[in-house]
Amino acid sequence: MRTQSRIVPAPADLEAGLVGVREGAELELDFRLESVVDGVLVSGTVRAPLSGECARCLEPLADSVDAEFQELFVYPADDLSAAEDADEDETHRLEGDLIDLEPVVRDAVVLELPLSPLCRDDCPGLCAQCGVRLADAPPDHGHDGADPRWAALRKLTNHDNETQEG
């Protein structure tokens, strides 16, 4: 068993929606390599800096994400029957003495990214009428104008009131 700590640049397209890891940002990897019967078991954690926009107010945000991973890298199959039985898409293989951790780290980080990142938990978002950021708006912020989509219904209620009065 061996333990390793590395700082590596982030690959491209490490993102999901409004948040992601910039290409070239430093990823902190701490992992353990264990020799097992079928190959090498790699388990560890990755810390990545996030950047993106708040899903409610669209303000820039910066955070970090910690993700855990564990994957078995199997020895290359010597006989054809073993290679045919293994599902090539789901099996990671050793390439000589080398292990390619990029797909494993990519999967771990992308699965930990928030789908709706927020600048803070109680972010009020934007005003639906004027688009101002509600966190910066005064407490009495509001709009007096009536929604034109309700105009036809308002005419009906006014007509009913006039009928009852007359």
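Colleague: Let's start with a single residue. Where is the place of Glu-23?

Modeller: Glu-23 sits in the loop between strand E3 (19–21) and E4. Please keep in mind that this is a predicted model.

Colleague: Thanks! Does Glu-23 count as buried or exposed?

Modeller: For burial, look at the relative accessible area, where a value over 50% is called exposed. Glu-23 has 61% relative accessibility, so it counts as exposed.

Colleague: Which residues does Glu-23 touch, not counting residues up to four places away in sequence?

Modeller: Glu-23 touches Ala-10, Pro-11 and Ala-12 once those sequence neighbours are set aside. For Ala-12 there is also a backbone distance: the C-alpha atoms of Glu-23 and Ala-12 are 4.9 Å apart, with their positions eleven residues apart in sequence.

Colleague: Let me turn to the partner, then. Where is Ala-12 found?

Modeller: Ala-12 belongs to the loop between E1 and strand E2 (14–16). Its relative accessible area is 29%, which makes Ala-12 partly exposed. Beyond four places in sequence, Ala-12 is in contact with Glu-23 and Arg-106. You can also compare its backbone position with that of Ala-25: the two are 13 residues apart along the chain, and their C-alpha atoms are separated by 9.8 Å.

Colleague: I also like to check backbone torsions. What is the phi of Asp-13 near?

Modeller: Phi of Asp-13 is near 60 degrees, a positive value in a residue other than glycine. Asp-13 lies in the loop between E1 and E2, and at 63% relative accessibility it counts as exposed. Another positive phi in a non-glycine residue is that of Leu-58, near 65 degrees. Leu-58 is in the loop between E5 and strand E6 (60–74), and it is partly exposed, with a relative accessible area of 45%.

Colleague: Now the fold as a whole. How many helices and strands does the chain have?

Modeller: There are three helices and seven strands. Along the sequence they follow the pattern β-β-β-β-β-β-α-β-α-α. Among contacts with a separation of 6 or more, 53% are between residues 24 or more positions apart. As for burial, 25% of the 166 residues in the chain are buried. The accessible surface of the chain comes to about 11,800 Å², and carbon and sulfur atoms account for 47% of that.

Colleague: Pockets next, please. What volume does the largest pocket have?

Modeller: The general idea is simple: rolling a probe the size of a water molecule over the atoms shows where empty space is left. Here the largest pocket has a volume of about 640 Å³. It is lined by 25 residues, and those closest to its centre are Arg-6, Phe-31, Leu-33, Ile-99 and Leu-101. Strand E1 (2–9), strand E4 (26–35), strand E5 (39–53) and helix H2 (102–112) each give two or more residues to the lining.

Colleague: Which element gives the largest share of that lining?

Modeller: E4 does, with six residues. By residue type, the lining divides into 16 nonpolar, three polar and six charged.

Colleague: Could we look at a residue in E5? Which residues does Ser-43 touch?

Modeller: Ser-43 has its place in strand E5 and is buried, with a relative accessible area of 12%. Leaving out residues up to four places away in sequence, Ser-43 touches Asp-30, Phe-31, Arg-32, Glu-34, Phe-69 and Gln-70. Phe-31 is also one of the residues closest to the centre of the largest pocket.

Colleague: On to the cysteines. How many disulfides does the count come to?

Modeller: A disulfide is a covalent bond between the sulfur atoms of two cysteines. The rule asks for a pair of cysteine sulfur atoms within 2.5 Å, and by this rule the count comes to zero disulfides. Take Cys-57, which is in no disulfide: the nearest cysteine sulfur, in Cys-54, is 3.7 Å away.

Colleague: Why is Cys-130 not bonded to Cys-127?

Modeller: Because the sulfur of Cys-130 is 3.7 Å from that of Cys-127, its closest cysteine sulfur, which is too far for a bond. The surroundings can be read too: Cys-57 is buried at 4% relative accessible area, whereas Cys-130 is partly exposed at 43%.

Colleague: One last residue: where does Arg-133 lie?

Modeller: Arg-133 lies in the loop between H2 and helix H3 (151–165). The cut-off for buried is under 20%, so Arg-133, at 18% relative accessibility, counts as buried. Its contacts beyond four places in sequence are Cys-57, Glu-59, Cys-119, Gly-125 and Leu-126.

Notes:
Residues are numbered from 1 along each chain as its sequence is written. This is a predicted model: local features need pLDDT of at least 70, side-chain atom pairs count only at pLDDT 80 or more; totals for chains, interfaces and linings use all residues. Side-chain values use heavy atoms; hydrogens and water are left out. On a 1 Å grid over the protein atoms alone, a cavity is a set of points where a 1.4 Å probe fits but cannot get out, and a pocket is an open set with protein on both sides within 12 Å along at least five of seven lines; lining residues have an atom within 4 Å of a point. Grid points are joined across faces, edges and corners, and a volume is the space filled by probe spheres set on the points. Helices (H or I, at least four residues) and strands (E, at least two) are DSSP runs, numbered from the N terminus. Ala, Val, Leu, Ile, Met, Phe, Trp, Tyr, Cys and Pro count as nonpolar, Asp, Glu, Lys and Arg as charged, and the others, Gly among them, as polar. Buried means under 20% relative accessible area, exposed over 50%, partly exposed in between (1.4 Å probe, protein chains only). Contact means heavy atoms within 4.5 Å. Accessible areas come from the Shrake-Rupley method with a 1.4 Å probe; for residues, only the protein chains shown count as cover.
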